[in-house]
Amino acid sequence: MQTTEVGQNSEIKQVIGSLCMMNNRFMNFMLDDNKKAAQVFLRVILGDDKIKVRNVRIQSFIQNIYGHSSQLDILAQDSKGRYFNVEVQRSDEGAPARRARFYSSILDTHFLQPGKLYEELPDTSVIFITENDVLHDNLPLYNIRRRIDENAKCFEDGSRIIYVNSQRRDNTALGKLMQDLYCTEPKNLHYHEFAERMEFLKYSKEGEEKMTDVIEEYAARKAEALAKEAVKEAAKEAAKKAEEKEQANRIELAQGLLADGMSIEFTVRHSKLTEAEVRELASKLSA
């Protein structure tokens, strides 16, 4: 029992040690109520060193009684009342353009209170940090705003969508931020605002306890993977037994046909065995 517990603890530490901020849940823990870290993200991505984060929340659920509701990974507000939604997407399928549009619209409907003027609608930015370059132009960042087709001028409605390509990990400020997203060791982080939180989460008992749901999620995925593997192996074994039984039936049929004096060609055609297999059976019968 003690050996099992030691093995489990070692595995848990390995799981925690391998986590980086591109893991959605770990990113949430890194930024939860961590205004300094959230501020670094927004300042670097938006290229604005004057952003001051007032509050930051993770897993904010926005109810839409008329349609699809949303669970926002990270929602921050700055001192100017602007809202920033940050989503980490490792799967290309999780970052389609229309999802970004929907998140932008749901922020609008949520933050314009009844009786308020449209001019009071706060500025919003929806930021998708993607593992791959989902927009395929090899840009480090895609800043998307509405524009007027006829004169190419921006239509300033206070909303924007940003896609950040995490594959561009160069020595620019943004590139170093992207490097930090894949970093698993606090000492190797470029931005010290992340290091203290990562040190706490990975190397303290309190941090490990805080990440219980990450560990449980990992355990659930592992159990699911093992179950799928077991089903796959069972299917392979069943298929193997079925083929063995079918082959035995073919041999039995061929033996009967040969015993009744049927030709090699006739037996091959009706038993579905190869000619070599039928001739081997015939030689054994005549021996």
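**Exercise 1. How many nonpolar, polar and charged residues does the lining of the largest pocket have by class?**

The structure is a predicted model, in which local features need pLDDT of at least 70 and side-chain atom pairs count only at pLDDT 80 or more, while totals for chains, interfaces and linings use all residues. Residues are numbered from 1 along each chain as its sequence is written, and side-chain values use heavy atoms, with hydrogens and water left out.

*Step 1: fix the terms.* On a 1 Å grid over the protein atoms alone, a pocket is an open set of points with protein on both sides within 12 Å along at least five of seven lines, and its lining residues have an atom within 4 Å of a point. Ala, Val, Leu, Ile, Met, Phe, Trp, Tyr, Cys and Pro are taken as nonpolar, Asp, Glu, Lys and Arg as charged, and the others, Gly among them, as polar. A volume is the space filled by probe spheres set on the grid points, which are joined across faces, edges and corners.

*Step 2: describe the lining.* The largest pocket has a volume of about 270 Å³, and 13 residues line it, with A100, R101, S104, R146 and I161 nearest its centre. Two or more of these residues come from each of α4 (97-111) and β6 (159-165), where helices (H or I, at least four residues) and strands (E, at least two) are DSSP runs numbered from the N terminus. The greatest contribution is that of α4, with 6 residues.

*Step 3: sort by class.* The lining divides into 5 nonpolar, 3 polar and 5 charged residues.

**Exercise 2. Describe the second largest pocket and name the strands that help to line it.**

*Step 1: volume and centre.* The second largest pocket holds about 220 Å³ of space; 15 residues line it, and D123, S125, R145, G158 and R160 are the closest to its centre.

*Step 2: elements and classes.* At least two lining residues come from each of β4 (124-130) and β6, and the lining as a whole comprises 4 nonpolar, 4 polar and 7 charged residues.

**Exercise 3. Is β6 buried or exposed, and which strands does it pair with?**

*Step 1: burial.* Buried means under 20% relative accessible area, exposed over 50%, and partly exposed in between, with a 1.4 Å probe and protein chains only. Because 7 of the 7 residues of β6 are buried, the strand is largely enclosed by the rest of the structure. This holds on both faces, with S159, I161, Y163 and N165 on one side and R160, I162 and V164 on the other.

*Step 2: pairing.* Two strands pair if DSSP finds at least two bridges between them. The strands β4 and β6 run parallel and are joined by 7 bridges, and S125 has R160 in β6 as its bridge partner. By contrast, β5 and β6 pair in the antiparallel sense over 4 bridges, with I144 opposite I161 in β6.

**Exercise 4. Count the salt bridges and place three of them in the chain.**

*Step 1: count.* With a salt bridge taken as a side-chain nitrogen of Lys or Arg within 4 Å of a carboxyl oxygen of Asp or Glu, the count comes to 12 salt bridges.

*Step 2: pairs that link distant parts.* In the salt bridge between R82 and D48, the closest N and O atoms are 4.0 Å apart. This pair is 34 residues apart in the chain, with R82 in the loop between β2 (70-78) and β3 (83-89) and D48 in the loop between α3 (35-46) and β1 (53-62). R82 is buried at 18% relative accessible area, whereas D48 is partly exposed at 23%. The side chains of R90 and E131 meet at 2.7 Å, N to O; R90 lies in the loop between β3 and α4, E131 in the loop between β4 and β5 (141-144), and 41 residues separate them.

*Step 3: a pair within a helix.* K284 and E280 form a salt bridge at 3.6 Å, N to O, and both lie in α10 (275-286), 4 residues apart, about one turn of the helix. K284 is exposed, with a relative accessible area of 55%, while E280 is partly exposed at 46%.

*Step 4: networks.* Shared partners join D48, D78 and R82 into one network of salt bridges.

**Exercise 5. How many disulfides are there?**

*Solution.* A disulfide is a pair of cysteine sulfur atoms within 2.5 Å, and by this rule there are 0 disulfides. For C183, the nearest cysteine sulfur is that of C20, 8.7 Å away, and C183 itself is buried at 10% relative accessibility.

Note on methods
On a 1 Å grid over the protein atoms alone, a cavity is a set of points where a 1.4 Å probe fits but cannot get out, and a pocket is an open set with protein on both sides within 12 Å along at least five of seven lines; lining residues have an atom within 4 Å of a point.
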